[in-house]
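I opened this model to look up three things in turn: the surroundings of the ligand, the open and closed spaces in the protein, and the backbone geometry that departs from the usual. My entries follow in that order.

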Amino acid sequence: MEDKMTSYDHIKGTTAVYGLIGDPVEHTLSPLIHNTLAGLTGQDLVYVPWRVKAEDVGDCIRGAYALNVQGLNVTVPHKIGVMEHLKSVDEKAAAIGAVNTLIRTEGGYAGYNTDHMGLKRALEADGITLTGRDVVILGAGGAARAAAFLCAFERAGSVYIMNRSTDKARSLCEDVNEYIKRQGPSVDAELCKPLALNACDELPAGDVIAIQATSVGLYPHVDEAVITDDPFYTRISYGYDMVYKPAKTRFMKLVTEHGGRAACGLKMLMYQGVAAYELWRGIDVSDNVTDRLYPKLSEAAGIREDQA
Ligand code: ATR
C-alpha cells in the first residue's frame with residue numbers, strides 16, 4: 001500500500017491530464033504506454049482510461065474540454081462517432097474516416113489518426129517501406145482500412161484486399177481509389193483491387209508484403225489463420241500481423257515456414273501511442289526510449305516473443 005501511495009507523488013497542480021475513451025477500456029495498454037513515456041521523457045503528465053457509452057460521447061468531449069484535458073485517445077466503438085464533436089479533423093484521418101487521437105486546440109479538439117502512422121513506423125522498424133511495393137491486406141474492417149489508406153499515402157505499387165465478405169473488400173477498395181483520384185490525375189486511380197480469400201493465384205508471383213488485419217488467430221484461437229494455402233504464402237516475402245497475442249501467430253509461422261520474414265502487431269500498438277504522444281507534446285520520442293518501452297509493453301501484454 002505504501003509503495004502504491006508514493007507512486008502517485010508526481011501528480012501536482014501543474015500535471016497535464018490525458019486519457020482514453022472507449023467501451024470497454026478495461027484491458028487497454030494505453031495507460032502503460034503513455035505513463036511510461038511520461039517517465040522516460042521527464043514530462044509532467046498523467047494518462048487515465050475512461051469508459052464512455054456511445055450516447056455520452058458528445059457530453060464527454062465537452063466535459064473533457066471544460067476540465068482542461070490536454071488530449072485524448074479514442075478507441076472502439078467511438079473512432080467514427082466522435083468526429084462530429086471535434087473542431088477539426090486532419091486530412092488523412094478524414095480520408096480514413098476514423099480518428100484515434102484528439103489534440104486540444106483553441107475552441108475544441110482536433111482529430112488525428114495515428115493507427116496508420118503506427119503501422120508505418122512498425123514496418124520501418126523492420127526495414128520495410130511500402131512505396132512502389134505490391135501489398136496484400138487480409139480483412140476489410142477498421143484495421144484493414146488504416147492499412148489500405150497507408151498504402152495510398154505511401155504510394156504502394158498494387159494493393160489487393162482479400163476478405164471473407166467480398167462486398168466489404170470492394171467497398172474499401174472504392175473508398176481508397178476515390179481518395180487517390182482526388183489527389184490528381186497523374187496517380188493510378190486503381191491502386192486497390194478486391195479479391196476473394198481463395199483467389200491467391202491472382203496475386204503477383206513473389207515479393208509481396210502481406211498485412212494481416214483480421215482478428216483471426218488472436219489468443220486463445222492460436223491455431224487459426226485466415227488463409228492457410230501454400231500458393232498464398234509462397235508469394236509473401238514479409239508478413240505483418242496486426243494481432244499481437246500470441247507473439248507468433250499461425251499467420252506469422254506460415255510466412256516464415258515459406259521463407260519470408262514476419263512480425264506481430266505489438267510495435268504498431270506501441271508506435272500509434274508514440275505518435276499520439278509526439279503530437280500532444282511536440283517532441284520526438286527517440287529509439288532509446290522506445291527500446292525501453294517495448295519490453296514493458298510486451299510483458300504487460302503477456303507475450304514472450306521468443307515463444308513459438
Ligand atoms: P477491426 O476494426 O479490428 O478491423 P472489424 O471491423 O470487426 O474489426 O473487422 C474484422 C475483420 O476480420 C473483417 O475483415 C472480417 O471479415 P468479414 O468482413 O467477412 O466479416 C474478418 N474476420 C473476422 N472473423 C473472420 C473469420 N473467421 N474468417 C475470415 N475473416 C474473418
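**Ligand.** I first listed the residues around the ligand, counting a residue as near if one of its heavy atoms lies within 4 Å of the molecule, and found 13 of them, with A140, N163, R164, S165 and K168 the closest. Before going further I noted that this is a predicted model, in which local features need pLDDT of at least 70 and side-chain atom pairs count only at pLDDT 80 or more, while totals for chains, interfaces and linings use all residues. I also noted that residues are numbered from 1 along each chain as its sequence is written, and that side-chain values use heavy atoms, with hydrogens and water left out.

By class, the shell around the ligand has four nonpolar, seven polar and two charged residues, where Ala, Val, Leu, Ile, Met, Phe, Trp, Tyr, Cys and Pro count as nonpolar, Asp, Glu, Lys and Arg as charged, and the others, Gly among them, as polar.

Which atoms of A140, A143 and R164 lie by oxygen atoms of the ligand? I looked for pairs of N or O atoms within 3.5 Å, the cut-off for a polar contact. A polar backbone atom of A140 is 2.9 Å from a ligand oxygen, and for A143 a backbone N or O atom lies 3.0 Å from an oxygen of the ligand. R164 uses its side chain instead, with an N or O atom there 2.8 Å from a ligand oxygen. On its own the ligand has 650 Å² of accessible area, and the protein covers 62% of that (Shrake-Rupley method, 1.4 Å probe).

**Pockets.** I then asked where the ligand sits, and it is in the second largest pocket. A pocket here is an open set of points on a 1 Å grid over the protein atoms alone, with protein on both sides within 12 Å along at least five of seven lines, and lining residues have an atom within 4 Å of a point; a molecule sits in one if more than half of its atoms lie within 2 Å of its grid points. This pocket has a volume of about 240 Å³, taken as the space filled by probe spheres set on the points, which are joined across faces, edges and corners. Its lining has 13 residues, with G139, N163, R164, T214 and V216 nearest the centre, and it divides into five nonpolar, six polar and two charged residues.

The largest pocket has a volume of about 1500 Å³. It is lined by 43 residues, and T75, V76, K79, Y244 and L269 lie nearest its centre. Of the elements that each supply at least two lining residues, I noted β3 (71-74), α6 (142-153), α10 (266-281) and α11 (287-301), and α6 gives the most, with four.

**Cavity.** I found one cavity of 30 Å³ or more, a cavity being a set of points where a 1.4 Å probe fits but cannot get out. Its volume is about 40 Å³, and K120, L123, E124, I128, T129, L130, L150 and E154 line it.

**Backbone.** Most residues other than glycine have a negative phi, and most peptide bonds are trans, so I searched for exceptions. The bond from V76 to P77 is cis, with omega near 5°, and P77 is in the loop between β3 and β4 (88-89). K245 and P246 are also joined by a cis peptide bond, with omega about 5°. Finally, N68 is not a glycine, yet has a positive phi of about 65°.

How values were computed: A polar contact is a pair of N or O atoms within 3.5 Å; within protein, one must be able to donate a hydrogen and the other to accept it, and residues adjacent in sequence count only if both atoms are side-chain atoms.
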